[in-house]
Amino acid sequence: MTRPLLAPQDFRTLASRAADEAARFLEGLDGRAIFPETSGATTQALFGGDCPEQGLGPTAFDQLRDVFAHSRAHNARFLGYVLGPGEPVGAIGDFLASVINQNVTSWRSAPSAVTIERTVVSWLARAIGCEGFTGSLMGGGSAANLLGLAMAREAKAPANQHGARPGTVYASQQVHLSISKAVALLGLGRDNLRLIPVDERFRILPAELEKAIQRDVAAGLRPIAIVGCAGTVNTGAVDPLDALAELAKRYDTWLHVDGAYGALAAMTVPERFKGLDQADSLSLDGHKWLYQPVDCGCALFRDAGAARAAFSDTSDYVRVLSDDPVEGFAFFEESFELSRRFRALKVWLSLRYHGLGAFRDAIRDDLDCAEHLVARVSAHPELELLARGDLSAVCFRHRPEGASEAELDAHNAALLKRLVRRGRVYLSNARIHGHFALRACVTNFRSTREDMDAVIDEILAAARG
Ligand SMILES: *Cc1c(COP(=O)(O)O)cnc(C)c1O
């Protein structure tokens with residue numbers, strides 16, 4: 001019988017080879033097509049084969065070239081979605097986390113890892129002005145939003161024992177789909193998610209929110225939670241969080257802030273996030289504006305007791321055998337996850353290597369790039385700015401002279417396809433007041449003002465066909 005054993009000296013050889021290939025990938029990033037020349041049939045042919053019964057040995061690594069070749073190149077002009085480029089020191093952290101393979105359930109299971117994660121979480125909380133909040137790293141903003149709303153439900157309409165009861169949740173019309181997913185999963189029902197109108201800059205209107213709450217209270221419904229957006233995914237709008245906090249207090253609801261896109265920018269421009277520290281829970285995404293490799297979500301909450309009320313259900317086999325505040329700590333008592341990987345290692349290495357100040361500055365540069373792009377778009381007769389939020393997302397479109405409104409959607413959709421196919425710039429799209437918009441979102445420590453100029457040049461080139 002063979003077993004999957006690897007001698008340490010062979011590990012060293014393979015790992016050096018992987019490091020070489022990774023470094024080559026990073027060196028070549030700017031010269032690569034930003035989206036690979038590929039197709040579904042091609043990737044299926046390359047990667048759809050059967051699992052070998054007999055090991056291939058080191059030649060198994062040969063096909064890594066294909067994996068790299070059919071991947072997106074997150075260079076300085078990758079501005080699609082909301083996504084960081086993957087900070088390489090963080091990537092080394094991910095590699096090492098897998099090698100030491102700690103299961104970050106409790107201190108008893110992973111002493112250094114649990115302590116480092118709690119430290120990193122407290123660093124992030126303090127960095128965004130939420131000193132004293134605790135929490136954990138998760139797969140992403142979606143998981144962190146679900147965790148926050150599960151806490152809200154248990155705090156305001158307890159359901160763990162007897163099942164969910166009706167309750168209403170409030171968020172702006174611009175809220176991310178992960179919120180409606182969470183409301184559905186928690187058994188509250190999407191019909192009970194109230195989508196509140198926004199102002200001309202896509203921020204929730206508190207007066208409309210209050211009216212909706214009053215209507216529901218009058219109808220005998222129980223408002224459970226208000227969800228504030230700290231950076232909407234389309235335009236980067238930041239809701240007036242302090243006004244939401246007031247309403248949450250007045251109507252005894254939970255305040256959850258979806259900060260998956262924007263909350264980390266509070267370490268650079270805290271004045272745009274007034275009220276963030278009054279949230280009961282919030283999500284942020286290290287794989288977005290902390291530039292970390294996916295995955296690196298983070299859930300933060302003010303009251304760990306509320307987290308334990310929602311998630312502690314300790315069976316004997318995981319019971320922690322210590323009262324010591326460090327040694328007795330278990331993440332699974334404050335989260336719906338049990339087995340968890342050592343996500344904190346990448347953040348810890350990356351923040352210690354570069355220093356928090358480097359990230360603060362990089363976010364400032366991203367905001368500056370977005371300003372520069374807005375200025376360039378506004379100054380160009382064939383470009384039209386469609387939306388400018390509070391952060392680094394810019395929505396605009398190409399508007400050739402004489403084009404009718406009806407033609408513009410199809411024109412810009414086709415332009416975006418050509419732009420991406422040209423290989424130098426990657427944007428995504430959004431719908432703004434019903435119009436198809438090109439959307440650039442700068443959460444990229446590689447981007448500079450020159451890259452924004454290149455975006456404009458490429459768009460105009462792609463517009464010419
Ligand atoms: C990205 C994002 C999410 C979801 O986060 P994932 O990490 O993709 O799960 C939620 N809300 C907002 C505003 C986002 O930008």
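**Notebook: a ligand and two sheets**

I began at the ligand, where one of its oxygen atoms sits 2.7 Å from an N or O atom in the side chain of S142. A note to myself before going on: this is a predicted model, and every distance here is computed from it.

**Entry 1: around the ligand**

Which other side chains make polar contacts with the ligand? I found D258, with a polar side-chain atom 2.7 Å from a ligand nitrogen atom. I also found H287, whose side chain has a polar atom 3.0 Å from an oxygen atom of the ligand. Next I looked up how covered the ligand is: on its own it has 380 Å² of accessible area, and the protein covers 84% of that.

I then listed the surroundings. There are 14 residues around the ligand, and the nearest are G141, S142, D258, D285 and K288. By character, the shell holds 3 nonpolar, 8 polar and 3 charged residues.

Which element gives the largest share of the shell? My lookup says α6, with 3 residues. Both α6 (141-156) and α10 (286-289) supply at least two shell residues each.

**Entry 2: the sheet of 7 strands**

I followed α6 away from the ligand and came to a sheet. Helix α6 lies across β1, β4 (223-229), β5 (254-259), β6 and β7, and runs at about 180° to β5. I wrote down the strand order of this open sheet of 7 strands as β1-β7-β6-β5-β4-β2-β3, and its pairing is mixed.

Why do β1 (134-138) and β3 (193-196) each have one side without a neighbour in the sheet? They stand at the edges and each has a single partner strand, so one side is left without a neighbour. From one strand to the next, the twist of this sheet averages 20°.

I took a look at the β1 edge in detail. Its partner is β7 (residues 297-301), and the two pair antiparallel over 5 bridges. Within that pairing, S136 stands opposite A299 of β7.

A second helix caught my eye here. Helix α5 (residues 111-127) lies across β1, β6 (281-285) and β7, and its direction makes about 110° with that of β1.

**Entry 3: the sheet of 4 strands**

Further along the chain I found another open sheet, this one of 4 strands in the order β8-β9-β11-β10, with antiparallel pairing. Which strands stand at its edges? They are β8 (383-388) and β10 (428-432); each has a single partner strand, so one side of each has no neighbour in the sheet. The twist here averages 40° from one strand to the next.

I checked β8 more closely. It forms a hairpin with β9, with 4 residues between them. The two strands run antiparallel, and 5 bridges join β8 to β9 (residues 393-398). I noted two of the bridge partners in β9: L383 is matched with H398, and A387 with C395.

A reminder for reading strands like these: in a regular strand, side chains alternate between the two faces of the sheet.

Last, I looked up the helices at this sheet. Helix α13 (residues 356-379) lies across β8, β9 and β11 (435-441), and runs at about 140° to β8. Helix α14 (residues 405-422) also packs on the sheet, where it touches β9, β10 and β11. The direction of α14 makes about 35° with that of β11.

Conventions
Residues are numbered from 1 along each chain as its sequence is written. This is a predicted model: local features need pLDDT of at least 70, side-chain atom pairs count only at pLDDT 80 or more; totals for chains, interfaces and linings use all residues. Side-chain values use heavy atoms; hydrogens and water are left out. Two strands pair if DSSP finds at least two bridges between them. Axes are lines fitted to C-alpha atoms, for helices over the stretch in contact, and angles run from 0 to 180 degrees between N-to-C directions. Contact means heavy atoms within 4.5 Å. A residue is near a molecule or strand if one of its heavy atoms lies within 4 Å of it. A polar contact is a pair of N or O atoms within 3.5 Å; within protein, one must be able to donate a hydrogen and the other to accept it, and residues adjacent in sequence count only if both atoms are side-chain atoms. Accessible areas come from the Shrake-Rupley method with a 1.4 Å probe; for residues, only the protein chains shown count as cover. Ala, Val, Leu, Ile, Met, Phe, Trp, Tyr, Cys and Pro count as nonpolar, Asp, Glu, Lys and Arg as charged, and the others, Gly among them, as polar.
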